[in-house]
2 protein chains.
Amino acid sequence: MTYKYNKVYLQDSSTVSGPYEKEGPLGSKFDKTYDNLYNGEKTWEKAEAKLLQESIDILLSKTNKTKNDIDLIISGDLLNQVTSSSYAVSKYDRPFLGVYSACASNVEGMIIASTMIDSGKIDNCIVSTSSHNMSSEKQFRNPTEYGAPKPDTATFTSTGGASCLLTNEKTDIRIESTTIGTVVDLGQNDPLNMGAVMAPAAADTIYKHLATLNRNVNYYDLILTGDLGTYGKQILIDYMISEYGIDIKNNYNDMGTMLYDLDKQKQVKAGGSGPVCSALVLYSQIIPMLKKKQIKRVLIVATGALFSPTFVYQHENINAISHAVSLEAI
Amino acid sequence: MTYKYNKVYLQDSSTVSGPYEKEGPLGSKFDKTYDNLYNGEKTWEKAEAKLLQESIDILLSKTNKTKNDIDLIISGDLLNQVTSSSYAVSKYDRPFLGVYSACASNVEGMIIASTMIDSGKIDNCIVSTSSHNMSSEKQFRNPTEYGAPKPDTATFTSTGGASCLLTNEKTDIRIESTTIGTVVDLGQNDPLNMGAVMAPAAADTIYKHLATLNRNVNYYDLILTGDLGTYGKQILIDYMISEYGIDIKNNYNDMGTMLYDLDKQKQVKAGGSGPVCSALVLYSQIIPMLKKKQIKRVLIVATGALFSPTFVYQHENINAISHAVSLEAI
């Protein structure tokens, strides 16, 4: 399901990261960073909610707005009951919609916000997300046994909060179109190889996006998935050729492989994950390139593994979904 | 945040319930019912996903549509990772958005769907939800100790799946307007008194809805909250008078008190809850009254307690949110 928009713009964005992301190649580009995973809070969950809340505070400051100027906040995260989002936004007293597409939640939020702005229902919307390495480990992989090695295909949940302000006021970046993805089940059930779980969902969404808009893969200066990691990235490249005859490798990268120095930061294995991973890369690295017109058209293809520990214990497959947003420098 | 719509209609709806709901006063009105909580599945989680999926199948059959006629499915439920929704929709291969507002998830879905239809982006959308008494008990209250009595203020998570088809094709019921609620924190932290947690959120949304549209409480033939239960219902009536000077009691009821026979079904305590509770009452009892023009205007005020067991263990309050949708017989 692909829509084009006439009057939706990205005004600004904000990023707050944890220590591992600070040490990565984009570390100096974040608005705020922390040297430890607690960032002044007593629990990982509260730490995560604070990262998200700080990203909203920074965004309000950067855009010179107060909370009362904001029509709507849409946010999603990995915590059960989307708690990081709902606790973080409780201090703003603004209308709120919680969303869940796992690591594709941020783009789901951007799609809903764009549709509401384009339809004239609202003037602007903050879209937020967060994830936290330890709150995710605790929730999804508890008990994590000491000494149990993870395979190289495992990814590393990123720590941070990130927000953007979408608006009907013209800026230098517009939301050109979006594609809502389909839940894909290709029989994968390994929670330590999410790249393989999500690659077919990304392929499905990229193909439908290009086909619906009758676009060649070279229409975009960059196609970026997030967050497949090094193994999932190669699976996607191969799968796009074998399944659709489309060669994406010339203008394609995966945001999960861009957040860390994979050669030095060995603990991240195949790369970053968590909904904030692609948001941190997009807002700190890609948006500035669009603003400087170094690139003109980017397709962001967020990928989410709809991983339920309960269902995996019950021998069910892990489903995946991918949502896409096309950003254009103007 | 309140919007009015010009061309959004409810075409039909569907309901599948578990055994407790079947025994209640609306039992004979559901499309399908089960006599036990497993409904042929091996786990409670799979049972819940099946209830949701069957409600979609029944809705497609009632509206004489195939899955390929559907532009979008929006669904939310209480299971972590919104798993009941994402597993249930995986068989339809349709664009999907997962949402989370706890027991207000169904109305959040109706709001997003209505905005997309009204803007012309899509022609129709299935909005679904589910909940399951035992999957909820297991997830939110495990370990549930034998012999530990619940207080009378506790509510009972309803079991079922429910769906509706919203469309731009004119029918006899239109989605007239909606209001997106705000996360409200009034210092409540008792997970066995959710009515008290949610009543202020419902009051806030009702007040903003009426004030924004400049409507008197008597504009509506019925105002229905869901799911405050008997205690929360009285709190809301009192709170609306004390806080806003608005007396709602003449045309007000709570859907959590309508699903069961509270005198006979003592195990439900203060009433039903879970996102399917208000959906089952709305689709089986209220929609038929609108179709027969026994009532003309209804305001559905779904209430969600954003209850995170993890945050409650950490001595945080339970936040709440409430979203409203106005339905009109035409």
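User: How many residue pairs are in polar contact across the interface of chain B and chain A, and what makes a pair count?

Analyst: The rule finds 18 residue pairs across that interface, both partners at pLDDT 80 or more. A polar contact is a pair of N or O atoms within 3.5 Å; within protein, one must be able to donate a hydrogen and the other to accept it, and residues adjacent in sequence count only if both atoms are side-chain atoms. This is a predicted model, in which local features need pLDDT of at least 70 and side-chain atom pairs pLDDT 80 or more, while totals for chains, interfaces and linings use all residues. Side-chain values use heavy atoms, without hydrogens and water, residues are numbered from 1 along each chain as its sequence is written, and chains are lettered from A in the order in which they are written.

User: Why is the pair K208(B) and D93(A) called a salt bridge?

Analyst: A salt bridge requires a side-chain nitrogen of Lys or Arg within 4 Å of a carboxyl oxygen of Asp or Glu. The side chains of K208(B) and D93(A) meet at 4.0 Å, N to O, and therefore the pair is called a salt bridge. The count between chain B and chain A is six.

User: Which element supplies the largest share of the side of chain B that touches chain A?

Analyst: That element is α4(B), with six residues. Helices (H or I, at least four residues) and strands (E, at least two) are DSSP runs, numbered from the N terminus.

User: What is the extent of the contact between the chains?

Analyst: Each chain is represented, with 56 residues from chain B and 56 residues from chain A, where contact means heavy atoms within 4.5 Å.

User: How do you know which relation links chain B and chain A?

Analyst: A rotation of 180° with 0.0 Å of shift along its axis superposes chain B on chain A, with an RMSD of 0.0 Å; that is the relation of a two-fold axis. The superposition is by least squares on the C-alpha atoms of residues with pLDDT of at least 70 in both copies. The same surface serves both, as 100% of the contact residues of chain B recur in chain A. V99(B) comes closest to the rotation axis of the residues of chain B, at 2.1 Å (C-alpha).

User: Why is L262(A) called partly exposed?

Analyst: Its relative accessible area is 21%. Buried means under 20% and exposed over 50%, with partly exposed in between (1.4 Å probe, protein chains only), so L262(A) is partly exposed. L262(A) lies in the loop between β11 (252-254) and β12 (272-273) of chain A.
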